[in-house]
Amino acid sequence: MSALVTTSLVKRFGGVQATDNVSLTVESGQLHAIIGPNGAGKSTLIGQLAGEIKPDAGSIELFGNNVTAQSVVARANMGLARTYQITQLAKEFTALDNVLLAANAKASSNFRFWASAHADTKAVDQSLAALAKVGLLDAKDRTVGELGHGEQRQLEIAMALATEPKVLLLDEPLAGMSQGESAAMIALLKSLKGRYPMLLVEHDMDAVFQLADCVSVLVYGRIIATGAPDEIRSNADVRAAYLGDEVNA
Amino acid sequence: MKLFPALIDWRAPRTLVAVVVLIAFAVLPFAVGSDGDFYVKFATRVLIYALAAIGLNFILGFGGMVSLGHAMYVMLGAYCVGIPMQHEIASGWAHLALALVLTAVLATVVGAVALRTTGIAFIMITLAFAQMLFFVAVSLKEYGGDDGLTIASRSNFGLFDIASNVSLYYLAFFAVLLALYLSWRAVLSPFGLILRGSKANTRRALALGHPVLRYQLVAYVLSALVCAVAGVLLANLTQFASPSYGAWTLSGELIVIVILGGLGTVFGPLVGAVCLLVLEEILPTLVEATFPDYKSNWMLLLGLFIFFVALLLKRGVFGSLRGGVK
């Protein structure tokens, strides 16, 4: 079964068609990347998938269930995890507490008032494992403010992983990273590939062509091409609309 | 099971201050001796304000919900002593139970409405509800209306007699200790982690799958319950219940206490209550002694103190101290 399917998704903001009949499918175990120039509607699309933005028309299915009318919380509890283009972390928390917050999210209500959250060894172990996975284990006791930009981006991923997701939405995980940090992040995403179905929105072409099983090109809210990385690279429309010289260089 | 939810660094300044403050309160009735009735009653008032502030702090400091209506729960608690007492129901347990049940119901309704909003709208809605309850109390003509209700004797807690001021003092001290301990545990528990996380980043908490509103509502009700207990104690201290206990100025004073002590610390409200109430008590005398002509202007000095705490100690008197306990 496909992990995530959208059918003719439409979203308008005033006169702007931010999402124009977008139909795409993220197959189980696949990494589906979306590329597109600034203002193509990538973040709006992710927002609709996560449930933060209500589409005007069309539908979204998560593992065969129609979730178009479901809330952000309901979708998250069905296994949809996302990361943000602009990091969304609890700033005063340590790295571990951020991940622990995520690890505590599986129960739909968590009314445990007595024992310390740090005494829940299962959640703590799960959080440490997520931190280890992204390479932040040594930084677990540092607050978010003390982490570098790249580390904060890694923490974003660790939080998504700690919820034990069934599908990952990654909104520009490489945004603002140095070359070294990018390489580490690409290696991390590679290691996650196959384990989770992923939808990756990314600007970095090298990364996309290295990682993706399938690439969709979004221009002015519309998908102008979908295919394997090689097909997209050689697609004339795509080159005209977006890739330009970058592919030739 | 461990007694404390976190490791304590006994040499950290915060721990020292907390221990000194608690010991001072524990021995105060002995220290002031038998003619120290005034001081015992004053210290009881400090403890009761601290208790209400601990309640408010749970949602203000840890949940980011600025309620400008928490005095209404103090007032409700006070009337839950006053009104039954007028009908000759003297059992303190009955007063307490009534206060807790009514507060739970009221807070659930108010919280469910107010939590649909955030920021300024949340402040205004909590204030509006408090004002409504204030005028309900004013309209209770058979229970003193505007003038309030004198309470003939203190609540009867059976074996634990609070007829003497010292025993009432220790009841209030015990309530504060219990509230501090429970809120410390709750803040560090999974519930508290989610509550703090929702404050720090609501959008993220939702995206992780936390039903934020549900947690906030439970926190709001718990916080109101603590204020209601403070109200029960306050009515017993003053032997009086009045609409003025629910005035918005008291709600404001509770916010000042929480911020003065240190937002986001468990122990801060007690320090904040000591600072504010002691200054309110000594500044008028101090000003009168030094500048007799300006004795009504003592509030100016209090204002300056709050100004400098806000300016220099951004995290409040207790919150600015380093490490140790929360």
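Strand 3 (residues 31-35) and strand 8 (residues 198-201) of chain A run parallel and are joined by four bridges. This pairing belongs to a predicted model, which scores ipTM 0.92 and pTM 0.93. For chain B the mean pLDDT is 94, and 99% of its residues reach 70 or more. The points below deal mainly with chain A: two sheets, a covered helix and the contact between two domains.

**The six-stranded sheet**

- Strand 3 and strand 8 of chain A are part of an open sheet of six strands with mixed pairing, in the order 6-7-8-3-9-10.
- Strand 6 (80-83) and strand 10 (222-227) of chain A stand at the edges with a single partner strand each, so one side of each has no neighbour in the sheet.
- On average, neighbouring strands of this sheet are turned by 15 degrees against each other, direction ignored.
- Within the pairing of strand 3 with strand 8 of chain A, Ile34(A) has Val201(A), in strand 8, as its bridge partner.
- Strand 6 and strand 7 of chain A also run parallel, and four bridges join them.
- Thr83(A) has its bridge partner, Leu170(A), in strand 7 of chain A.
- In a regular strand, side chains alternate between the two faces of the sheet.
- In strand 6 of chain A, Leu80(A) and Arg82(A) point one way, while Ala81(A) and Thr83(A) point the other way. All of these residues are buried.

**Helices across the six-stranded sheet**

- Helix 1 of chain A lies across strands 3, 6, 7, 8 and 9 of chain A. Helix 1 runs at about 150 degrees to strand 7 (167-171) of chain A.
- Helix 5 of chain A lies across strand 6 and strand 7 of chain A, and its direction is at about 175 degrees to strand 6.

**The four-stranded sheet**

- A further open sheet in chain A has four strands in the order 2-1-4-5, with antiparallel pairing.
- Its edges are strand 2 (16-26) and strand 5 (65-66) of chain A; each has a single partner strand, so one side of each is left without a neighbour in the sheet.
- Strand 1 (residues 4-13) and strand 2 of chain A run antiparallel and are joined by seven bridges.
- Arg12(A) has Gln17(A), in strand 2 of chain A, as its bridge partner.
- Helix 1 (residues 42-50) of chain A packs on this sheet and touches strand 1, strand 2 and strand 4 (57-62) of chain A. The direction of helix 1 makes about 60 degrees with that of strand 2 of chain A.

**A covered helix**

- Helix 3 (residues 95-103) of chain A is mostly covered, with nine of its nine residues buried.
- Among the buried residues of helix 3 of chain A are Asp97(A), Asn98(A) and Leu100(A).
- In chain A, the buried residues of helix 3 pack against helix 4 (121-134) and helix 5 (149-162). They also pack against helix 7 (190-200) and helix 8 (202-208) of chain B.

**Two domains of chain A**

- The domain assignment divides chain A into domain 1 (1-79 + 166-249) and domain 2 (90-164).
- The centres of domain 1 and domain 2 of chain A, taken over C-alpha atoms, are separated by 26 Å.
- Eleven residues from domain 1 of chain A and nine residues from domain 2 of chain A take part in the contact.
- On the domain 1 side, helix 2 (72-77) and helix 6 (179-192) of chain A are the elements that give two or more residues.
- Helix 6 of chain A gives the largest share of that side, four residues.
- The domain 1 side consists of seven nonpolar, three polar and one charged residues.

Methods
Residues numbered from 1 in each chain as written. Chains lettered and ligands numbered in written order. Predicted model: local features only at pLDDT ≥ 70, side-chain atom pairs only at ≥ 80, totals over all residues. Pairing = 2+ DSSP bridges. Contact = placed C-beta atoms within 7 Å. Axes fitted to C-alpha atoms, helices over the stretch in contact; angles between N-to-C directions. pLDDT = per-residue confidence, 0-100. Domains from an automatic or database assignment. Nonpolar A, V, L, I, M, F, W, Y, C, P; charged D, E, K, R; others polar. Buried ≥ 20, exposed ≤ 12 C-beta atoms within 10 Å, placed from the backbone.
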